[in-house]
Amino acid sequence: LLMKINIFTDGAYSPKTEKGGWAVYCPELRLRMCGAVKDTTNNRMELLSAIKALEFVDNTHLHLTELSIYSDSKYLVETMNGHYQQKTNLDLWDQLDNLVKNMLLPVKFYHIKGHTGENNGNNVADILANLVSQKL
């Protein structure tokens, strides 16, 4: 029985392919998800990765008491924690806000340093997001 899970999310953008990639990694569930999007930005991919994580949790009906989302995006984490204002990408912020509101458990957002090699969860999400954004 799972009480708490940690999800690592990341977004990427490849100017070479003009594609963005999002990724979700949850070690407790052995979950790895990713996808590519055309005509996007890195920030939109950071938001989409969190949206995809919450949609997965919502659709699987896991018995959780707490969900922690870890991201190297200050844009995502600081906005979700009320330190930044939503000024752009309002369509994705609306989706994310609604998912968080509808969760029957606390959702906590934590900032972690990315691209340092120190955090395995961040490394996996980063690799997935970058790989999928570079595919033609």
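In this predicted model, strands β1 and β4 run parallel and pair over 6 bridges. Across that pair, I7 stands opposite I69 of β4.

The wider sheet is open and has 5 strands, ordered β3-β2-β1-β4-β5. Its pairing is mixed. β3 and β5 are the edge strands, each pairing on one side only. Neighbouring strands are turned by 20° against each other on average, direction ignored. Helix α1 packs on this sheet and touches β1, β2, β3, β4 and β5. The direction of α1 makes about 150° with that of β1.

**Nonpolar cores**

The largest nonpolar core holds 30 residues. I7, L54, L67, L76, L96 and F109 touch the most other members. The elements below each supply at least two residues of this core.

| Element | Residues |
|---|---|
| β2 | 19-26 |
| β3 | 31-38 |
| α1 | 42-60 |
| β4 | 66-71 |
| α2 | 74-80 |
| α3 | 90-102 |
| β5 | 107-111 |

β1 also supplies at least two. The largest share, 8 residues, comes from α1. L96 touches L47, A50, I51, L54, L76 and M80, leaving out residues up to four places away in sequence.

A second, separate core has 10 residues. Among them are A12, Y70, I112 and L128.

**The end of β1**

Strand β1 covers residues 4-14, and S14 lies in it. Is S14 buried or exposed? S14 has a relative accessible area of 7%, and because the cut-off for buried is under 20%, S14 counts as buried. Beyond its neighbours within four places in sequence, S14 is in contact with K19, S133 and Q134.

Note on methods
Residues numbered from 1 in each chain as written. Predicted model: local features only at pLDDT ≥ 70, side-chain atom pairs only at ≥ 80, totals over all residues. Heavy atoms only, no water. Helix = DSSP H or I, 4+ residues; strand = E, 2+ residues; numbered from the N terminus. Buried < 20%, exposed > 50% of the residue type's maximum accessible area, 1.4 Å probe, protein only. Contact = heavy atoms within 4.5 Å. Core = buried A, V, L, I, M, F, W, Y, C linked by side-chain atoms within 4.5 Å. Pairing = 2+ DSSP bridges. Axes fitted to C-alpha atoms, helices over the stretch in contact; angles between N-to-C directions.
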